Amino acid sequence: MNHRFTRAIVRPPAPTFADGCSTADLGAPDVALALQQHQAYCDALERAGCELTVLPALHAYPDSTFVEDAALILSGRGAILTRPGAQSRAGEVAAIRATITEFFPDVAEIVAPGTLDAGDVCEAATHVFIGLSRRTNEEGARQLAAWLANHGYTSSTVDVRDIPEILHLKSGMCCLGGNRLTAISALADHPAFADYEVISVDEEEAYAANCLQVNDVVLVPAGFPKIAAKLRNKGYTLEVIAMSEYRKMDGALTCLSLRF
């Protein structure tokens, strides 16, 4: 992994967290437990070498703890504000704008009719995979691809709209740096990933396809021993993070921070 993260932006869940968007059928989250899990996540980021910017909880936006969807930061090179596909999340972009521009004054922005959740964006060195999903449309992907090209990145789209078990592209895959990806079975053989080493995630552990490399550590969700063993066998140092309450709300490890 070439780029080292030194900062991360996070936002704890609000008391209204359980009112957020979710396609999962796992029951309502325990907000108190979600707060504990968020603190453990933040502690792990700090141990990995990140100085945190902790934003205040937003009662009006139950999904706002998933800060990654409202903005995209590419390895410290630049930032773009998104336009979330769920109308209830539109205000999250305005709420994070000042923080993003503090670090990236020339921030760009996805505009209508484009929609883009950054949970659909997976950076793999100088190439970026853009998911077409229930939240990211073709126009949003086109605008992002043009912005990426201006920053020296290539990109390609991966249509996940026919994969009902995932909301975003990164619900089913992630990049572990270099040429290595994790992916659920429905994505493992996708032509877009033909030039990559893909670590396939067993169907019963599909949630754990979303793991997060932060410098010398890979964060993985608790409760998925098979993928943890595969990653350890590849030489990764793991930190296991409880994510049960975020899973109930379609959230995962990458969603909870913006790293740069």
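What volume does the second largest cavity have? In this predicted model, the second largest cavity has a volume of about 40 Å³. It belongs to a set of 2 cavities of 30 Å³ or more that the structure holds. The lining of the second largest cavity is formed by Arg-11, Leu-58, Ser-64, Val-67, Ala-70, Glu-92, Ala-95 and Ile-96. By residue class, this lining comprises 5 nonpolar, 1 polar and 2 charged residues.

For the largest cavity, the computed volume is about 80 Å³. Its lining draws on Cys-21, Asp-63, Phe-66, Asp-69, Arg-89, Arg-135, Leu-167, His-168, Met-249, Asp-250, Gly-251 and Cys-255. These lining residues divide into 5 nonpolar, 2 polar and 5 charged.

Phe-66, one of the residues lining the largest cavity, also takes part in aromatic contacts. Across the whole structure, 8 aromatic pairs were found. In one of them, Phe-17 and Tyr-246 have ring centres 5.4 Å apart and planes at 50°; the pair is therefore classed as tilted, since this angle is neither under 30 degrees nor over 60. Phe-17 is located in the loop between β1 and α1, whereas Tyr-246 belongs to helix α6 (residues 244-247), so the contact ties together parts of the chain that are 229 residues apart in sequence. Phe-17 has a relative accessible area of 0% and is buried. Tyr-246, likewise at 0% relative accessibility, counts as buried because the cut-off for this class is under 20%.

Tyr-246 also pairs with Phe-66, in an edge-to-face arrangement with 6.2 Å from centre to centre and 80° between the planes. This second contact again links distant parts of the chain, as Phe-66 lies in the loop between β2 and β3 (71-73) and Tyr-246 in helix α6, 180 residues away. Both Phe-66 and Tyr-246 are buried. Through these ring pairs, Phe-17, Phe-66 and Tyr-246 are linked into a cluster.

The strands and helix that border these loops were examined next. Strand β1 (residues 7-10) pairs with strand β2 (residues 51-54) in the parallel sense, over 4 bridges. Within this pairing, Ala-8 has Leu-52 of β2 as its bridge partner. Together with helix α1 (residues 31-47), β1 and β2 make a right-handed β-α-β unit. Strand β1 is also joined by 2 bridges to strand β15 (residues 258-259), and these two strands run antiparallel. In β15, Leu-258 stands opposite Ile-9.

Notes. Residues numbered from 1 in each chain as written. Predicted model: local features only at pLDDT ≥ 70, side-chain atom pairs only at ≥ 80, totals over all residues. Heavy atoms only, no water. Pairing = 2+ DSSP bridges. Right-handed = clockwise from strand over helix to strand, strands pointing away. 1 Å grid on protein atoms, 1.4 Å probe; cavity = no way out; pocket = protein on both sides within 12 Å on 5 of 7 lines; lining within 4 Å. Points joined across faces, edges and corners; volume = space filled by probe spheres on them. Nonpolar A, V, L, I, M, F, W, Y, C, P; charged D, E, K, R; others polar. Phe/Tyr/Trp six-rings, centres within 6.5 Å; stacked < 30°, edge-to-face > 60°. Buried < 20%, exposed > 50% of the residue type's maximum accessible area, 1.4 Å probe, protein only.
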